[in-house]
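This report describes the nonpolar and aromatic packing of a predicted model. The structure is shown below.

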Amino acid sequence: VLLADDAYMFMVAWESMALSSYFLVTTEHRQAAIRQAGFIYILIAHVGALAILLCFGVLQGGAGFDSYRFDILRGAEPTPFWASVAFVLALIGFGAKAGMIPLHVWLPEAHPAAPSPVSALMSGIMLKTAVYGLVRVVFDLIGMPDWRAGLGLAVIGALTALFGILYAVQQNDLKRLLAYSSVENIGIILIGLGLAMVFFGSGFPQAGALGLIAALFHALNHSLYKSLLFLGAGSILHGTGLRNLNEMGGLIHRMPHVAFYFL
């Protein structure tokens, strides 16, 4: 996905990522609940992929078979209306993979179902691939962002962060809690991207660059610590056989190394 320089290769890589992660999520496929979680995940993933495909189609604008290269899409300069359509489609497509509210429903289902190393990979890396895709399309291919679209993105990010953390504090399942925490952190990243769009679109490039740096820095930050938290949750599950927080206590004495990295 990161190396793709045309829409064809991007979509092939994107779908390969979705399908391979689906098989990883459904590792314990003999359990009905895990098959159900996998179905929800692959359904949302393909709805998002369809939106991304339509976004590339809008940016291409019927310019010919060879015009799906990113350098050609970059110079297409769509009208404000079609640029807005492309932005909305990109937001739906990449937001579905990132876990943006209300397209987050697969996250709290897939993470408890998946093995913990898979959860670490998906939350730490795959969600950030969606952030990369959004940045690449909005700031690179569409061009100068509209401040109103950025304001909308910041509001969506704030709602995602708020509802993500409110759902997280209600959870008893450790991995489900971490999944909702990922939703919250994606919301924080979207706030940074939205503010960057607002400042770039309003003629304040230095402030826009600061917002973009903040979003990308937190993407790196979250990729490191959330991967470590999911691996810690896997260690707790392996050592105790428990995921219910109400049944745990005093693990720092029994598992001091895990507790150190978890904290």
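## Contacts of Leu 193

Apart from neighbours within four places in sequence, Leu 193 is in contact with Val 131, Leu 134, Val 135, Phe 139, Leu 153, Leu 212 and Ala 215.

## Nonpolar cores

The largest nonpolar core holds 64 residues, of which Phe 10, Phe 56, Trp 106, Val 137, Phe 139 and Leu 193 touch the most other members. The greatest contribution to this core, 13 residues, comes from helix α6 (residues 116-142).

A second core, separate from the largest one, consists of ten residues, including Ala 120, Leu 178, Leu 229 and Leu 251.

## Aromatic pairs

Twelve aromatic pairs are found in a search of the whole structure. In one of them, the ring centres of Phe 10 and Phe 56 are 5.6 Å apart and the planes stand at 80°, so the arrangement is edge-to-face. This pair joins distant parts of the chain, since Phe 10 lies in helix α1 (residues 7-25) and Phe 56 in helix α2 (residues 32-60), 46 residues apart.

Phe 10 and Phe 56 are both buried. Together with Trp 14, Phe 70 and Phe 94, they form one aromatic cluster.

## Nonpolar surface patch

At the surface, a nonpolar patch of about 890 Å² is made by Trp 147, Leu 151, Val 155, Leu 159, Leu 162, Phe 163, Ile 165, Leu 166, Tyr 167 and Val 169. Within this patch, Tyr 167 belongs to helix α7 (residues 147-168). Its relative accessible area is 35%, so Tyr 167 counts as partly exposed.

Notes: Residues numbered from 1 in each chain as written. Predicted model: local features only at pLDDT ≥ 70, side-chain atom pairs only at ≥ 80, totals over all residues. Heavy atoms only, no water. Phe/Tyr/Trp six-rings, centres within 6.5 Å; stacked < 30°, edge-to-face > 60°. Helix = DSSP H or I, 4+ residues; strand = E, 2+ residues; numbered from the N terminus. Buried < 20%, exposed > 50% of the residue type's maximum accessible area, 1.4 Å probe, protein only. Core = buried A, V, L, I, M, F, W, Y, C linked by side-chain atoms within 4.5 Å. Contact = heavy atoms within 4.5 Å. Patch = residues over 30% accessible without salt bridge, like charges linked within 9 Å, V, L, I, M, F, W, Y side chains within 5 Å. Areas by Shrake-Rupley, 256 points an atom, 1.4 Å probe, with all protein chains shown as cover. Salt bridge = Lys/Arg side-chain N within 4 Å of Asp/Glu carboxyl O.
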